[in-house]
Amino acid sequence: MSKLKCAVIGAGYLGKFHAEKYASLKNCELVAVVDINEEAARQVAEKHGTQALTDYRALLGQIDAVSIVVPTSYHHSVSKDFLQAGTHVLVEKPITVTVEEADELIAIAKERNVILQVGHLERFNPAVRGLETLEEKPLFIESHRLSPFNPRANDVSVVLDLMIHDIDIILALVNSEIEKIDASGTAVLTQGTDIANARITFKNGCVANVTASRISMKMERKMRMFRPSSYVSVDFQNRVLVKHNTGDKEMFPGIPEIVTEELTFESGDALLEEIKHFVNCIQTGENPLVPGEAGRKALATAIEITKFLTHR
């Protein structure tokens, strides 16, 4: 099988890691690294023995696949150009700024018969993949994604920066339409919302209580799920999945015992797995784990939460 000609648009903090992963894959050829900052593009390109460009349009129609790792406001325009050129696209989250923009990208990808995958990296966390084996639907979910302040990625609110990871996972787990959203939040260090909480009620009865902060003193990324006969917690940061299930024996008369199972997953490279999955989907025709439609749903929910915060 011939190598896929790949490129990375955006040579910033995350873009340089995308370039590194493509360069490490035997079935890929990293054709170029692009950034409007010529020096940034050159530094990353030289490290991987490829060319540096400042204008991505020189690659249109010349490559098979591309990672788009530019500021969110440019996701739509850059993705659109590549999709229309028949290039498979992996665009970082959030997919676009607006739902209308996301709809357009999805339609173009379908029309051109190319892959549109959204970079919701947490889906490739081995502990999250472990959740896929759980059959019972959750009745109540609580998640906390807390981080110390980092000046990077503050062009969007904490909802679109951090909370959207958990929104995406929750939407996939619950698989039900949203009935109601209630939310609150505030700006502390930036012009946008820095800490937020949302309560999402689904039509199937499940409720999710989601908290995200980028001004915390510690790093915490945890989710807890209550189901009819079990309680499950997942620590994304330490890759630990704990299941508490009711057993066959009795703890007290008429009260079933609680059986605990703890699974610790080896440290993996979620970004490498995400890009390998993207490449595999291109080569096999398999549907991506996080297609444009999933990115759109997460974006639409995050926007509704953000609107609610704005109107408080």
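Me: In this predicted model, does F82 count as buried or exposed?

Reply: The relative accessibility of F82 is 0%. A residue is buried when this value is under 20%. F82 therefore counts as buried.

Me: With which residue does F82 form an aromatic pair that is tilted?

Reply: A pair of aromatic rings is described by the distance of the centres and the angle of the planes. For F82 and its partner the centres are 5.6 Å apart and the planes are at 40°. That angle is neither under 30 degrees nor over 60, so the pair counts as tilted. The partner is Y56.

Me: How many residues apart in sequence are the parts that the pair of Y56 and F82 ties together?

Reply: Y56 belongs to the loop between β3 (51-53) and β4 (65-68), and its relative accessible area of 16% makes it buried. F82 is part of helix α3 (residues 75-84). Because one ring sits in the loop and the other in the helix, the pair ties together parts separated in sequence by 26 residues.

Me: Are the planes of Y13 and F17 stacked or edge-to-face?

Reply: This is one of the four aromatic pairs in the structure. The ring centres of Y13 and F17 lie 5.5 Å apart, with the planes at 80°. Y13 is partly exposed at 48% relative accessible area, and F17 is partly exposed at 29%. Since an angle over 60 degrees decides the class, the pair of Y13 and F17 is edge-to-face.

Me: Which strands stand at the edges of the open sheet?

Reply: Six strands make up this sheet, in the order β3-β2-β1-β4-β5-β6, with parallel pairing. On average, direction ignored, neighbouring strands are turned by 20° against each other. An edge strand has a single partner, so one of its sides is left without a neighbour in the sheet. The strands in that position are β3 and β6 (116-119).

Me: Which residue of β2 is the bridge partner of A7?

Reply: Strand β1 (residues 4-9) runs parallel to strand β2 (residues 28-34). Six bridges join the two strands. In β2, the residue bridged to A7 is A32.

Me: At about what angle does α3 run to β5?

Reply: Helix α1 (residues 15-24) lies across β1, β2, β4 and β5 (88-92), at about 165° to β1. Helix α3 lies across β1, β4, β5 and β6. Its direction relative to β5 is about 170°.

Me: Which helix gives the most to the largest nonpolar core?

Reply: This core has 70 residues, of which I9, L59, F82 and I305 touch the most other members. Leaving out residues up to four places away in sequence, I9 touches V34, Y56, L59 and F82, among others. Another core, of 22 residues including V44, A45, V69 and C281, lies apart from it. With twelve residues, the helix that gives the most to the largest core is α6 (residues 158-174).

Me: How many disulfides does the count come to?

Reply: A disulfide is a covalent bond between the sulfur atoms of two cysteines. The sulfur of C28 is the nearest cysteine sulfur to that of C6, at 3.8 Å. The cut-off is 2.5 Å, so C6 is in no disulfide. For the structure, the count of disulfides is zero.

Notes. Residues numbered from 1 in each chain as written. Predicted model: local features only at pLDDT ≥ 70, side-chain atom pairs only at ≥ 80, totals over all residues. Heavy atoms only, no water. Phe/Tyr/Trp six-rings, centres within 6.5 Å; stacked < 30°, edge-to-face > 60°. Buried < 20%, exposed > 50% of the residue type's maximum accessible area, 1.4 Å probe, protein only. Helix = DSSP H or I, 4+ residues; strand = E, 2+ residues; numbered from the N terminus. Pairing = 2+ DSSP bridges. Axes fitted to C-alpha atoms, helices over the stretch in contact; angles between N-to-C directions. Contact = heavy atoms within 4.5 Å. Core = buried A, V, L, I, M, F, W, Y, C linked by side-chain atoms within 4.5 Å.
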